[in-house]
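Visitor: I'm new to this one and I'd like to learn how to read it. Could you walk me through it feature by feature?

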Amino acid sequence: MNISINMLDVNDGDAIIVHLERSAAEQLVIIIDSGHKGDWQRVTTVTDPILKKANKSGPDLIICTHYDADHIGGLMKVVQHYNGQIRQVWIHHPGLLLEAFKLASSVLRSEKAGQQLLLSEASAFKSTLLAYNLSYETKQLVLESYEDMLEFVNFLQSSGIQTREPFPDISFPGWPELKVLGPTRTFYGSLLDRLGSPANVLIAEMLEISQNEKKRSRQIQTDPCLFLDSQNKSGVTAVNQASVILEITADEKKYLFTGDASLESFNNIPNYPESLRDIFWLKVAHHGSQKNSTFQLFNIMSCKHAFISGRRHLDEEVAECLTKKGAVVRTTKTDGDLVFP
Ligand SMILES: [Zn+2]
């Protein structure tokens, strides 16, 4: 079976097009995330000729790994571009946050307008937000991406497009080569539960995004893999941790798509670490951030090829450690749009 992967250079975001070809009659086109809002045309420009070759009017499957703005941003316009000619969309849509989101949005709107909200829940929310001294942009970012997710899911449902929440017990008809490794329903539930109230989930998201920890500086002679493991790994948001981890098998080789999954996300894959052994091609998690990778993880995966999509998040020790482990590493930062093979 032929597989081709296009990973677009959308700064610190993901936009990936996968084309599987068993035979002329059996082909599958998948879009995994679509960068920020403004990136959608770059995605359709690359996807259109692939669809034409496959004799299809739209991608078979669209996967939103998680609803952060750099992944979900362009998806609505992509679906509209294909006029709903899409067999399935896989996306998580946690309703748990809805009430907190509505409240936080009204707090933010009133803050912007210089008004006071009289609701008691609003003032509690507001004072918590104040206590953390978060920037308006950070709050806006978290709330907007949740709103985009709600709007997108509503649009899909009203257009009659089949949506499924991606967990390890789902599959795509006729294509057993696709396997969702994570998140499990249990892990996903624990991510939503662990922070207590929905309001706290939102605040935690905002806090983690606003934290810009100073990185320890590295001596030139330090081994990149040892340095990678010496860094602080905490502070990956719950939304990132809930990223879909997808494995595609083609000619007995494993291709792994990871969104912004964390170390904990990998640890929670059923049958870990056996399930992550011998990955042929890897989309490095979270744009190459050191928080989402370790030497141990790379040892388990022992991947042959690694693609990294990112600029600001990309930590050079991640790429260097993979190279040291024998992988051919390519980054959108250096090479722009990437194509495999
Ligand atoms: Zn991301």
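Visitor: Which residue in β2 is the bridge partner of Asn 2?
Guide: The general idea comes first: strands of a sheet pair through backbone hydrogen bonds, either parallel or antiparallel. Here, Asn 2 has Glu 21 of β2 as its bridge partner. That pair belongs to the antiparallel match of strand β1 (residues 2–7) with strand β2 (residues 15–23), which are joined by 6 bridges. Two strands count as paired if DSSP finds at least two bridges between them. The labels are DSSP runs too, numbered from the N terminus: helices are H or I over at least four residues, strands are E over at least two.

Visitor: Where do these numbers and atoms come from?
Guide: Residues are counted from 1 along each chain as its sequence is written. The model is predicted, and local features need pLDDT of at least 70, side-chain atom pairs count only at pLDDT 80 or more, while totals for chains, interfaces and linings use all residues.

Visitor: How many residues lie between β2 and β3 in their hairpin?
Guide: There are 2 residues between them. β2 pairs with strand β3 (residues 26–34) in the antiparallel sense, over 8 bridges. You can trace the match at His 19, which faces Val 29 in β3, and at Ile 16, whose bridge partner in β3 is Ile 32.

Visitor: In what order do the strands of that sheet come?
Guide: The order is β6-β5-β4-β3-β2-β1-β13, an open sheet of 7 strands with mixed pairing. At the edges stand β6 (162–164) and β13 (338–340), each with a single partner strand, so one side of each has no neighbour in the sheet. From one strand to the next, the twist averages 15°; angles run from 0 to 180 degrees between N-to-C directions, with axes fitted as lines to C-alpha atoms, for helices over the stretch in contact. Helix α1 (residues 40–53) packs on this sheet and touches β1, β2 and β3, its direction making about 175° with that of β3. Contact between two residues means that their C-beta atoms, placed from the backbone, lie within 7 Å.

Visitor: What about the other sheet, in which order do its strands stand?
Guide: That open sheet has 6 strands, ordered β7-β8-β9-β10-β11-β12, and its pairing is mixed. Its edges are β7 (178–182) and β12, each with a single partner strand, so one side of each is left without a neighbour in the sheet. Direction ignored, neighbouring strands here are turned by 20° against each other on average.
Guide: Look for both senses of pairing. β7 runs antiparallel to strand β8 (residues 245–250) over 4 bridges, with Lys 179 bridged to Glu 247 in β8. Strand β10 (residues 281–283) and strand β11 (residues 305–308) are parallel, joined by 3 bridges, and Lys 283 sits opposite Phe 307 in β11. β11 also runs parallel to strand β12 (residues 328–331), with 4 bridges, and His 305 is opposite Val 328 there.

Visitor: Which helix does the chain cross through from β11 to β12?
Guide: It is helix α13 (residues 316–324), and this β-α-β crossover is right-handed. Right-handed means that, with the strands pointing away from the viewer, the path from the first strand over the helix to the second runs clockwise. β10, helix α12 (residues 295–301) and β11 also make a right-handed β-α-β unit. As for packing, α13 lies across β11 and β12, at about 155° to β12.

Visitor: How do I read two packed helices, and at what angle do α4 and α6 cross?
Guide: Two packed helices are described by the angle between their axes and the distance between the axes. The axes of helix α4 (residues 98–113) and helix α6 (residues 136–158) come within 10 Å and cross at roughly 135°. They are therefore oblique to each other (under 35 degrees is roughly parallel, over 145 roughly antiparallel, 65 to 115 roughly perpendicular, and the rest oblique). In α4, Phe 101, Ala 104, Ser 105 and Leu 108 meet Lys 139, Gln 140, Leu 143 and Tyr 146 in α6.

Visitor: Which peptide bonds are cis?
Guide: Among them are Gly 182 to Pro 183, with omega near 0°, and Tyr 272 to Pro 273, with omega near 5°. Pro 183 is in the loop between β7 and α7 (185–193).
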